[in-house]
Amino acid sequence: MANTTFSGPVNSTNGFVGAVTGNVTGNVTGDLTGNVTGDLTGAITGSVQSLSGAGAVNLTSLITEVTTTGADALTLADGSAGQIKIITMIVDGGDGTLTPTTFANGTTITFNDVGDSVMLVYNTTVGWALVANTGTTVA
């Protein structure tokens, strides 16, 4: 179907390729690749990684929920430009110390208590930059 204009609701089971202009109302389920220009209202929900014990915080989930099981070493690889990552401690079995490969604000972030959280954004020049911090220790 090439260059068709619709004046009413449109449903697609195989997705859309190309530019979508105008207003989109309703739920979008699936992957959205590209830029969103204009107002975005409603909830943005990303996938959640559950990480128990030491290990790597992934780059594929928006949110990582950490359950510490002792003095846990956590790592975070470099992301892609503009990537946002939210990390929060949900169970406190000891301190979790995150060492990003490249970190603009220091070298480590330590999660001490339940509720400790950070929001980071990746910049190709300086690495992960701290946007918001609730309770963590940055060193």
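1. How much space lies in the largest pocket? In this structure, which is a predicted model, the largest pocket holds about 2800 Å³ of space. Its lining is made up of 39 residues, and those that lie nearest its centre are Phe-16, Val-20, Val-24, Val-28 and Leu-32. When the lining of the largest pocket is divided by residue type, 15 of its residues are nonpolar, 22 are polar and two are charged.

2. The second largest pocket can be described in the same terms. About 350 Å³ of space lies in the second largest pocket, and 14 residues line it, with Ser-61, Leu-62, Gly-82, Gln-83 and Ile-84 lying nearest its centre. The lining of this second largest pocket consists of seven nonpolar residues and seven polar ones, with no charged residue.

3. Ser-61, one of the residues nearest the centre of the second largest pocket, deserves a separate look. Ser-61 is placed in the loop that lies between strand S2 (55-57) and strand S3 (63-67). The relative accessibility of Ser-61 is 8%, and because buried means under 20%, this residue counts as buried. If its neighbours within four places in sequence are left aside, Ser-61 has contacts with Ser-47, Val-48, Gln-49 and Lys-85.

4. Strand S2, which comes before the loop of Ser-61, also belongs to an open sheet of five strands, whose order is S2-S4-S6-S7-S10 and whose pairing is mixed. The edges of this sheet are taken by S2 and strand S10 (137-138), each of which has a single partner strand, so one side of each is left without a neighbour in the sheet.

5. Within the sheet, the pairing of S4 with S6 can be followed in detail. Strands of a sheet pair through backbone hydrogen bonds, and they do so either parallel or antiparallel. Strand S4 (residues 72-76) and strand S6 (residues 96-100) run parallel and are joined by five bridges. For Leu-76, the bridge partner in S6 is Pro-100.

6. A final point concerns aromatic rings, of which the structure holds one pair. The rings of Tyr-122 and Trp-128 have centres 5.1 Å apart and planes at 70 degrees, so the pair is edge-to-face, given that planes over 60 degrees apart count as such. Are these two residues buried or exposed? Tyr-122 is buried, with a relative accessible area of 9%, and Trp-128 is buried as well, with a relative accessible area of 0%.

Note on methods
Residues numbered from 1 in each chain as written. Predicted model: local features only at pLDDT ≥ 70, side-chain atom pairs only at ≥ 80, totals over all residues. Heavy atoms only, no water. Phe/Tyr/Trp six-rings, centres within 6.5 Å; stacked < 30°, edge-to-face > 60°. Buried < 20%, exposed > 50% of the residue type's maximum accessible area, 1.4 Å probe, protein only. 1 Å grid on protein atoms, 1.4 Å probe; cavity = no way out; pocket = protein on both sides within 12 Å on 5 of 7 lines; lining within 4 Å. Points joined across faces, edges and corners; volume = space filled by probe spheres on them. Nonpolar A, V, L, I, M, F, W, Y, C, P; charged D, E, K, R; others polar. Helix = DSSP H or I, 4+ residues; strand = E, 2+ residues; numbered from the N terminus. Contact = heavy atoms within 4.5 Å. Pairing = 2+ DSSP bridges.
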